[in-house]
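Q: I'm new to this structure and would love a close look at one part. Could you walk me through a place where two helices pack together, and what surrounds them?

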Amino acid sequence: MISAVLFFIAGFLLGHLMPRIPFMVLCRTSGFNKGFPPHPEPIPLSPRLTQRVLHMRWFHRLGTFTTLLPLCFGYLSILGGQSTFGYGLFLAGGWTLLSRAQVLLDGPPVACTLEMAERLQMVMNIADSEEACCPHPQPQWWVESIRCESCSKRLEEMLRPDLGRPRKDGFFRGGFRLWLSDGRPMVLPDESQN
Ligand SMILES: [Zn+2]
């Protein structure tokens with residue numbers, strides 16, 4: 001009985017982890033992160049950063065497709081005899097698919113969105129225009145908002161999700177955080193400092 005429960009838990013954890021591997025592992029290489037300051041420092045806004053947001057969105061979407069793996073393996077395990085392990089895989093895969101499908105019903109989207117990239121571009125456009133916050137605007141994306149490095153003005157209230165940089169808290173601890181948060185920011189917006 002205990003081994004069945006352990007097999008179920010192992011299957012569930014593995015099935016839950018598999019769809020998250022693309023964004024947890026593939027983008028952490030140092031080559032992919034050249035030109036970005038190390039985590040968790042703020043990142044200057046640039047077309048490169050906007051492109052990174054779109055890349056991360058792609059990695060999250062890829063994860064939705066890899067959900068097929070635990071579903072298939074789970075199904076095969078159920079047929080093949082190791083049914084509790086298979087049920088765990090199948091359930092975790094289905095759970096992930098359902099949570100990703102929530103976006104169709106106006107639920108929370110994945111951590112990086114097209115709207116986020118558009119807002120970054122808008123802040124850059126304003127910084128280049130006459131409406132800029134100061135003569136030498138240097139917008140940077142901090143954890144809780146976009147602020148100007150030169151005049152410290154808050155330019156946009158937008159929490160920074162995980163952007164694929166190798167994490168300061170290490171591969172395993174950082175990876176565990178990512179697993180729990182799905183790459184979403186783990187802080188609440190601070191509304192007192194406007
Ligand atoms: Zn400024």
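A: Happily! Let's start where L49, T50, V53, L54 and R57 in α3 meet L114, M116, A117, L120 and Q121 in α6; contact here means that C-beta atoms, placed from the backbone, lie within 7 Å. This is a predicted model, in which local features need pLDDT of at least 70 and side-chain atom pairs count only at pLDDT 80 or more, while totals for chains, interfaces and linings use all residues. Residues are numbered from 1 along each chain as its sequence is written.

Helix α3 spans residues 47-66 and helix α6 residues 114-128; helices are DSSP runs (H or I, at least four residues) and strands likewise (E, at least two), numbered from the N terminus. Their axes lie 9 Å apart at an angle of about 180°, with axes fitted to C-alpha atoms over the stretch in contact and angles running from 0 to 180 degrees between N-to-C directions. That makes α3 roughly antiparallel to α6 (over 145 degrees).

The contact divides into 7 nonpolar, 2 polar and 1 charged residues; Ala, Val, Leu, Ile, Met, Phe, Trp, Tyr, Cys and Pro count as nonpolar, Asp, Glu, Lys and Arg as charged, and the others, Gly among them, as polar.

L49, V53 and L120 are also among the residues with the most contacts inside the largest nonpolar core, which has 18 residues. Such a core is a set of buried Ala, Val, Leu, Ile, Met, Phe, Trp, Tyr and Cys residues joined through C-beta atoms within 7 Å, buried meaning 20 or more other C-beta atoms within 10 Å of a residue's own. Its largest share, 4 residues, comes from α3.

Key: Parallel < 35°, antiparallel > 145°, perpendicular 65-115°, else oblique. Contact = placed C-beta atoms within 7 Å. Buried ≥ 20, exposed ≤ 12 C-beta atoms within 10 Å, placed from the backbone.
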